[in-house]
Structure formats: C-alpha cells, structure tokens
Number of protein chains: 4
Amino acid sequence: MSSLNKVILIGRLGRDPEVRYMPNGEAVCNFSIATSETWNDRNSGQRQERTEWHNITMYRRLAEIAGQYLKKGSSVYLEGRIQSRKYQGKDGIERTAYDIIASEMKMLGGRNDNSGGAPYDDGGYQQQSYQQAPAQQNYQSAPSYQQEAPSAPPAAPARRAPAAQAAPVEDIDDDIPF
Amino acid sequence: MSSLNKVILIGRLGRDPEVRYMPNGEAVCNFSIATSETWNDRNSGQRQERTEWHNITMYRRLAEIAGQYLKKGSSVYLEGRIQSRKYQGKDGIERTAYDIIASEMKMLGGRNDNSGGAPYDDGGYQQQSYQQAPAQQNYQSAPSYQQEAPSAPPAAPARRAPAAQAAPVEDIDDDIPF
Amino acid sequence: MSSLNKVILIGRLGRDPEVRYMPNGEAVCNFSIATSETWNDRNSGQRQERTEWHNITMYRRLAEIAGQYLKKGSSVYLEGRIQSRKYQGKDGIERTAYDIIASEMKMLGGRNDNSGGAPYDDGGYQQQSYQQAPAQQNYQSAPSYQQEAPSAPPAAPARRAPAAQAAPVEDIDDDIPF
Amino acid sequence: MSSLNKVILIGRLGRDPEVRYMPNGEAVCNFSIATSETWNDRNSGQRQERTEWHNITMYRRLAEIAGQYLKKGSSVYLEGRIQSRKYQGKDGIERTAYDIIASEMKMLGGRNDNSGGAPYDDGGYQQQSYQQAPAQQNYQSAPSYQQEAPSAPPAAPARRAPAAQAAPVEDIDDDIPF
DNA sequence: TTTT
DNA sequence: TTTT
C-alpha cells in the first residue's frame with residue numbers, strides 16, 4: 001500500500017527568500033509563508049484569528065526561480081511534502097523542525113508582486129521528478145530559515161551551474177512555463 | 001487574498017488511536033501515521049527509504065469514528081491542516097510540535113483492517129464546517145500523542161454527548177456515509 | 001476500499017454567477033471558470049496556451065455567498081468533485097455534461113474583485129457536511145449554465161429560507177469566516 | 001494570477017488498461033476508474049449510492065508503468081488535470097469528452113491487486129515536468145477508452161523508445177520509485 | 001465567457 | 001515575519 005504526503009498552501013512570504021548553494025552547486029531556497037484562519041468563537045461570539053507560519057524549502061531550479069521572483073509579501077501557491085529534521089539549537093538542545101519541501105509553485109498576483117515592475121504576475125513551475133528524492137539532509141544542521149548562507153557558491157559545481165543571482169531572466173526563460 | 005493550509009495524507013497507524021474527552025464533552029482522538037518515500041540515490045545508485053511520522057488530531061464525531069474503526073496498522077486517507085503547538089517537555093524546555101488537525105477521513109482497506117471482523121472496509125466522513133474552528137488549544141499542553149487522557153468524560157457534556165466508547169455501531173451508523 | 005473524487009481549481013469567472021432556487025427553497029449557483037496552461041512546444045519552440053472551462057455548481061449557503069460576492073473576472077479557489085449529468089440538447093440528442101460540484105470556496109483578490117467597492121478581498125467558506133450529499137439531480141435537465149432560472153423563489157421554502165438576493169451582507173455575516 | 005487545474009482520485013479500474021503508441025513513439029494509456037459516494041437521503045432516510053466513472057489518460061513512462069502494473073479491479077491513487085476534448089461520435093454528432101490527464105500515480109494494494117502474484121503492492125511515480133505539456137490532442141479523435149490502438153508502434157520513435165510491452169520489469173525498475 |  |  002503506497003503512502004502519500006502532500007501539502008497544499010496559499011500564503012504570503014514574511015521576508016524575502018534566501019537562496020544558498022550546496023557544495024554540489026545545487027540551489028536551496030528558504031522562506032516562510034503565513035496562512036491564517038478566522039472563525040467566530042462559539043462561546044464569546046468574537047472573531048478569532050490564528051496565523052500559522054510554514055517553513056518552505058526548495059531545491060534546484062525551483063529554488064532559483066523562487067529566489068528571483070518572490071519577495072516579502074508575495075502571495076504564492078505551493079505544493080510539497082512535510083519533512084521533519086533534527087537540529088541542535090543554540091542552547092545545545094536537540095529539537096525537531098518541520099519543513100515543507102515544495103515541488104510546485106505558482107505565483108498569485110498580489111498587489112505587492114506588481115510593485116517590482118515585473119512584466120508578469122503569473123507563474124507556474126513544476127519540479128522535475130528527480131527532485132522528489134530528498135536532498136542531502138545533513139547539509140541542513142539548523143532551521144534553514146535561520147541558517148547562514150555558504151560563503152560562496154562552489155567554484156566547480158557538480159552537475160549544474162547555478163544561475164548567477166544577477167543573471168538576466170532570459171537565462172532561465174526558455175523552459176519555465178510563464 | 002485568502003490563504004490555504006491543506007494536508008492530504010495516506011498512511012498507516014503506528015499504534016491504536018487514543019480517544020479522550022475535553023471538559024465540554026467533546027472527543028479528541030490522537031494517533032500517528034507513517035508515510036514513506038523511496039528513491040534511488042543519485043550517487044550510490046542505492047535504494048533509499050525515508051519514513052515520516054505525522055501526529056494526527058481529530059475532534060468531535062470524527063474523533064469518535066476514528067477511535068471506533070481505526071487501529072494499529074490501519075491504512076487511512078486523511079485531509080486536514082498543519083497546526084503548530086508550543087509545549088513544555090519533560091526536561092522543562094519549550095518546544096514546538098506540529099500536528100495535523102484532520103477534518104476528513106477515509107478508511108483504506110488494508111489486510112490488517114479486516115482482522116477485526118468488521119463487515120466493511122470502506123469509509124468516508126467529512127467533518128462539519130464548525131469543526132474548522134480550532135478547538136481550545138490550551139487543553140493540549142503536551143504532545144497530544146504522549147498526553148494522558150482525562151480521568152473521565154465530563155458528567156454534563158456541553159452541546160453533544162459523546163458516544164460511549166462501548167456504544168454499538170448503530171448509534172452513529174445513521175449519519176456516517178459508510 | 002474507499003474512493004476519492006476531489007477537484008481543486010483556481011481560475012477566473014467568465015460571467016457573473018447565476019443563482020436559482022429549487023422548489024424546496026435551496027439555492028443553486030452556476031458559473032464557469034477558466035484555467036489555462038502554457039508551455040513551450042517541443043517541436044516549434046513556440047509558446048502555446050490552452051484554456052479549459054469548468055462548469056461550477058454550488059448549493060445552499062455556498063451558492064448564496066458565491067452569488068453575492070463573485071462576479072465576472074473574479075479569481076477564486078474552489079474545491080469539489082466531478083459529477084457527470086445526462087441531458088438532452090436542443091437538437092434532441094442526449095449528451096453528458098461534466099460539472100464541478102464545489103463544496104469549498106476562497107476568494108482570491110484579483111484586481112477586478114475590488115472594483116465593486118467591497119471592503120474585503122478575502123473569503124473562505126466550507127460547505128456543511130450534509131451538502132456532501134448530491135442534491136436532486138433531476139432538477140437539472142439541461143447544462144446548468146444554460147438553464148433558465150425558475151420564475152420565482154418558492155413561496156414556502158422547505159428547511160431554509162433563501163437569503164433574498166438583495167439582502168444586506170449582515171444577514172449572513174455572522175457565520176461565514178471572512 | 002496563475003490558475004490551477006488539479007484532480008485527485010482514488011478508485012478502481014473497470015477494465016484492464018490499454019496502451020497504444022503515438023507516431024512519435026510515445027506511449028498512451030487509457031482506462032477508467034470508478035469512484036462512488038454514498039449518503040442517506042434526507043427525505044426517505046434511505047441509503048443512496050452514486051458511482052462516477054472517470055476516463056484516465058496517461059502519457060510516456062507513466063503510461064507504460066500503468067500498462068504493466070494495473071489491471072481490472074486495481075485500486076489506484078491518481079493526480080492530474082481535467083481536459084476536455086471534442087470528438088465525433090459514431091452517429092456523426094460532435095460531443096465533448098472529459099478526460100483526466102494523470103501525471104502522478106500510486107498503486108493502492110487491494111485484494112485484487114495481489115491476485116497476480118506481484119511481489120509488491122505499492123507504487124509511486126511522478127511524471128517528468130515536460131509531460132505537463134498537453135500531448136498532441138489531434139491524435140485523439142474519439143473517446144480514448146473506445147479508441148482502437150494504432151496498428152503498430154512506430155519504426156523509429158522520436159526521443160525515447162517505448163518499453164516493449166513484453167519487456168521484463170527490470171527494464172524500468174531502475175528509476176521508478178517502488 | 002476570464003485573465004496575462 | 002505576511003496580509004486584511
């Protein structure tokens with residue numbers, strides 16, 4: 001019997017995404033998004049709100065695209081899976097973090113997304129199948145959203161060169177579907 | 001711009017579900033299910049497997065149904081949302097747990113599910129809309145799957161009497177869709 | 001073994017929604033939304049686009065809310081199920097229509113949604129569980145989006161009075177979650 | 001504003017899947033699966049059941065895997081999108097068919113799935129990203145599940161050779177995730 | 001029939 | 001830390 005671990009989120013970024021590069025040259029993007037629910041309390045009748053923050057991790061091309069097009073306040077649709085990760089906090093105590101490893105992304109055009117002057121507010125990109133395999137977990141020894149970026153991209157990246165962060169859009173434009 | 005926080009899981013229970021009752025008489029059910037993914041490591045070419053355990057929480061009628069029909073090894077489809085919860089560990093240190101608050105359940109008939117002699121291996125139940133509202137979070141001060149059950153169901157439950165745990169199936173049979 | 005029939009759509013309304021009332025007083029709302037996908041043709045290298053139109057049907061309170069808040073051009077998140085329906089075309093020939101019976105809706109704030117001066121661009125509403133049961137199919141003898149509305153709401157609606165179409169927002173404001 | 005067209009189904013095959021090959025050598029697999037819902041009629045109180053049949057289409061490697069592992073009665077999890085298709089019926093009249101173009105599949109081990117003696121009852125496979133692009137629609141001029149297979153696979157398939165239908169499992173075993 |  |  002197969003199992004399924006699927007998460008579907010729509011929310012806004014709390015900060016700009018961070019893109020780092022792993023020793024093998026693969027990009028990793030981290031950010032967090034907020035989802036909120038509101039309801040009427042059954043006892044007080046008062047309007048209640050609860051916000052949940054989700055830590056998002058993306059790899060490879062999806063990481064590069066997110067790093068290029070998303071920013072603080074962007075509204076985004078994400079699909080991925082829940083993945084736990086042990087790490088040692090600054091207090092030396094082991095904790096477990098939960099990340100959403102996103103494999104699909106669609107940019108939803110919020111007001112803020114247009115402020116950057118981008119000529120589009122629309123996006124869709126599905127991760128290649130091989131991305132389904134979890135990336136090296138050991139690389140992430142702390143909550144990714146608190147993690148310091150590697151000092152520099154690797155000199156000789158394995159498998160694929162990261163798109164330079166200043167690369168023009170055209171570099172990736174030919175195979176992203178928007 | 002609305003947000004969305006949706007989780008869809010298919011997996012097996014690691015233990016029998018636990019049903020407790022809150023002071024207002026509402027049932028709470030906790031259990032955890034495993035999802036696993038396998039992939040071929042790109043470097044070694046070796047088959048890899050990773051299992052993720054998800055802590056599930058259900059409320060009210062869905063909790064009662066789960067407590068009655070699921071057991072260790074059962075395969076189940078669940079739909080719900082991710083919800084974090086702060087708690088103090090036995091070591092006195094605050095941690096954050098992540099639960100899946102399930103609002104929909106379908107029993108998937110695995111081999112183990114039939115051992116109980118139940119005449120069906122099929123189920124579906126969708127939570128009432130009002131359940132969407134998060135229940136009192138304060139009631140859960142520790143990871144729910146480690147939490148001791150209240151000593152007894154409340155004498156005068158608010159709103160709805162919990163189905164007694166020994167209640168015959170017929171008591172709830174008339175409005176569950178299986 | 002349970003089955004699952006779930007559809008998740010994000011798209012824009014091609015026209016204003018139409019709300020009708022069934023003889024028992026229940027509201028039915030019909031509209032269609034467009035989803036589009038774009039890709040680079042592998043042979044020509046040319047950008048391709050394909051738009052799909054989905055016929056949406058909603059019942060009861062969700063129908064009333066949609067009729068009140070959605071309009072042509074609105075962007076909306078919908079969750080529901082696929083349901084086929086036989087009908088006789090104007091040419092007297094039987095055909096099969098496919099509708100999405102929506103049970104959950106979230107309004108996604110597009111530019112057009114704000115033009116109406118509504119003070120919110122955010123919505124979420126989940127259908128009550130009992131709505132899961134298919135409504136009387138016989139009432140729909142033609143594609144719903146082409147169907148003429150009943151001449152008038154029933155004089156003595158069964159079970160629940162429809163919110164008059166001119167009813168102020170406050171009438172339903174107290175139990176919808178936005 | 002991006003759009004989304006996603007379908008998630010769990011159901012059983014009504015017949016064995018059919019695999020054909022397009023002129024460019026790509027495999028196409030067609031079958032249909034049933035989903036059923038049951039509910040208590042609100043008036044009569046009687047148990048009602050409704051079965052919906054979904055026409056499934058898969059391309060390329062997913063088509064080959066489905067053709068090899070699924071059969072009549074198999075229980076399967078599918079993810080894909082809704083796609084309409086105009087065709088001319090035997091009576092010369094144009095109709096519209098609705099297919100689910102599946103891009104992800106997981107085999108759910110039901111009783112029937114084991115009768116073939118397969119050493120596994122578990123599967124998962126996600127389509128490569130490029131499959132997201134709709135295949136040549138013109139190739140499908142009739143409801144796919146009624147369509148006769150091409151007389152033979154092409155002599156010189158473009159891009160990738162189809163796994164011969166009699167090929168041993170090992171031929172594809174090295175990169176499918178089960 | 002939406003939208004970019 | 002987003003947003004309404």
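# Briefing on a predicted multi-chain model

Chain A holds 3 helices and 7 strands, and from its N terminus onward these elements follow the order β-β-β-β-α-β-β-α-β-α. The structure is a predicted model, and the points below take up chain A by itself, then the contact that chain A makes with chain B, and finally some local features of chains B and D. Between chain B and chain A, the buried area comes to about 3500 Å², and the contact draws on 44 residues from chain B and 43 residues from chain A.

**Chain A by itself**

- Chain A has 178 residues, and 55% of them count as buried.
- Among the contacts in chain A with a separation of 6 or more, 67% are made by residues that lie 24 or more positions apart.
- Helix α1 of chain A, residues 60-69, has 8 of its 10 residues buried, so this helix is largely enclosed by the rest of the structure.
- The buried residues of α1(A) include charged side chains as well as nonpolar ones, with A:Arg60, A:Arg61 and A:Glu64 on one hand and A:Leu62, A:Ala63, A:Ile65, A:Ala66 and A:Tyr69 on the other.

**The contact between chain A and chain B**

- Carbon and sulfur atoms give 50% of the area of about 3500 Å² that is buried between chain B and chain A.
- There are 4 salt bridges between chain B and chain A, and a salt bridge joins the side chains of A:Arg42 and B:Glu26, with a distance of 3.3 Å from N to O.
- Between the two chains, 16 residue pairs are in polar contact, counting pairs in which both residues have pLDDT 80 or more.
- On the side of chain B that touches chain A, at least two residues come from each of β1 (4-13), β3 (27-40), β4 (47-59), β5 (75-88) and β6 (94-108) of chain B.
- Strand β1(B) supplies the largest share of that side of chain B, with 9 residues.
- Sorted by character, the residues on the side of chain B that touches chain A are 16 nonpolar, 16 polar and 12 charged.
- Strand β1 of chain A, residues 4-13, runs antiparallel to β1(B), and 7 bridges join these two strands.
- Within the pairing of these strands, A:Val7 stands opposite B:Val7 of β1(B).

**A buried arginine in chain B**

- B:Arg60 lies in helix α1 of chain B, which covers residues 60-69, and with a relative accessibility of 2% this arginine counts as buried.
- The side chain of B:Arg60 is joined to that of B:Glu26 by a polar contact of 2.8 Å, and B:Glu26 is also the residue whose side chain meets A:Arg42 in a salt bridge across the two chains.

**Strands and a hairpin in chain D**

- In chain D, strand β2 (residues 18-21) and strand β3 (residues 27-40) run antiparallel and are joined by 4 bridges, and D:Tyr21 stands opposite D:Ala27 of β3(D).
- The hairpin formed by β2(D) and β3(D) has 5 residues between its strands, and within this hairpin D:Gly25 takes a positive phi near 90°.
- D:Ser75 is part of strand β5 of chain D, residues 75-88, and this serine is buried, with a relative accessible area of 2%.
- Although 31 residues separate D:Ser75 and D:Lys106 in sequence, their C-alpha atoms are 9.0 Å apart in space.

Conventions:
Residues numbered from 1 in each chain as written. Chains lettered and ligands numbered in written order. Predicted model: local features only at pLDDT ≥ 70, side-chain atom pairs only at ≥ 80, totals over all residues. Heavy atoms only, no water. Contact = heavy atoms within 4.5 Å. Buried area = accessible area lost by both parts, 1.4 Å probe. Polar contact = N/O pair within 3.5 Å; in protein donor to acceptor, adjacent residues only side chain to side chain. Pairing = 2+ DSSP bridges. Buried < 20%, exposed > 50% of the residue type's maximum accessible area, 1.4 Å probe, protein only.
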